[in-house]
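Colleague: I would like a close look at one part of this model, the sheet and what packs around it. Please set it in the context of the whole chain.

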Amino acid sequence: MSASSTRLLVLGAVRIFQPAHGYLVRRELLSWGVESWAALNPGSIYNMLRTLSRDGMLAEVEGDAGPGPARVGYQLTLDGEQAFLNLLTRALWEIDERDPHLLPAALSFLPMLTRTQAAEALEARATAIELRVKAVEARSRMTLEKKLAPPHTYELFEYEIAHFTGELGWVRAARKRVEADHYRFAGEPAAELGPVGGHWYGALEKPG
């Protein structure tokens, strides 16, 4: 897993519960199954907390006051807040083939944007995918017409096109859901509740 994905997940988890100690961040992220879909191991979570603290993205605060040794708590600094929002937005807007985990990580925190920001990000991603598909199609034609590669490599281009075309269908559908008042976004009524019992309330739902 890339540092960007890990950074986004850890900053986002701290942001939900801040101030949050390392064990809480680790437990929360592992409950999301990040070991499987994000290839994030528990040790990387603690390492990233230390790195973000060293880099001024997280501030260490007084930990638990309960029995047993006190745990160091973390909360986002102003730089950390800006870094989180920048990472979140970039992960949605841009296609990063080197880090396939970045987009799923960003979707974990989609409600932390405003509804307009989320819709604009998905629109931008759709445009980027459309351009990428056209570029692959052009590269495929040139390669085959000029016999720059064996004929069976056509399947490599077709695979790439199918991959991006599938994602494009999802992006367009997701944008429609966002614009149709699905989910609660930042600044909307009850959005400050955040995830309750692991569930982000939909825009048309009322917390019980």
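Modeller: The sheet comes after a few words on the model, and the helices follow.

This is a predicted model, in which local features need pLDDT of at least 70 and side-chain atom pairs count only at pLDDT 80 or more, while totals for chains, interfaces and linings use all residues. Residues are numbered from 1 along each chain as its sequence is written, and side-chain values use heavy atoms, with hydrogens and water left out.

The protein has eight helices and three strands; helices (H or I, at least four residues) and strands (E, at least two) are DSSP runs, numbered from the N terminus. Along the sequence the pattern reads α-β-α-α-α-β-β-α-α-α-α.

The three strands form an open sheet in the order β1-β3-β2, with antiparallel pairing; two strands pair if DSSP finds at least two bridges between them. β1 (20-21) and β2 (58-61) are the edge strands, each with a single partner, so one side of each has no neighbour in the sheet. β2 runs antiparallel to β3 (residues 73-76), and four bridges join the two. In one of the pairings, Ala59 has Gln75 of β3 as its bridge partner. Helix α4 (residues 42-54) packs on the sheet and touches β2 and β3, where contact means heavy atoms within 4.5 Å. The direction of α4 makes about 100 degrees with that of β2; axes are lines fitted to C-alpha atoms, for helices over the stretch in contact, and angles run from 0 to 180 degrees between N-to-C directions.

Away from the sheet, the axes of α1 (residues 3-17) and α2 (residues 22-31) come within 10 Å and cross at roughly 110 degrees. That makes α1 roughly perpendicular to α2, a term for angles of 65 to 115 degrees. Residues making this contact include Leu9, Ala13 and Phe17 of α1 and Leu24, Val25 and Leu29 of α2.

Further along the chain, Thr143 is found in helix α7 (residues 115-145). Thr143 is buried, with a relative accessible area of 9%; buried means under 20% relative accessible area (1.4 Å probe, protein chains only). Leaving aside neighbours within four places in sequence, Thr143 is in contact with Leu148, Ala149 and Phe157.

For the protein as a whole, 38% of the 208 residues count as buried. Among contacts between residues at least 6 apart in sequence, 62% join residues at least 24 apart.

Conventions:
Buried < 20%, exposed > 50% of the residue type's maximum accessible area, 1.4 Å probe, protein only. Parallel < 35°, antiparallel > 145°, perpendicular 65-115°, else oblique.
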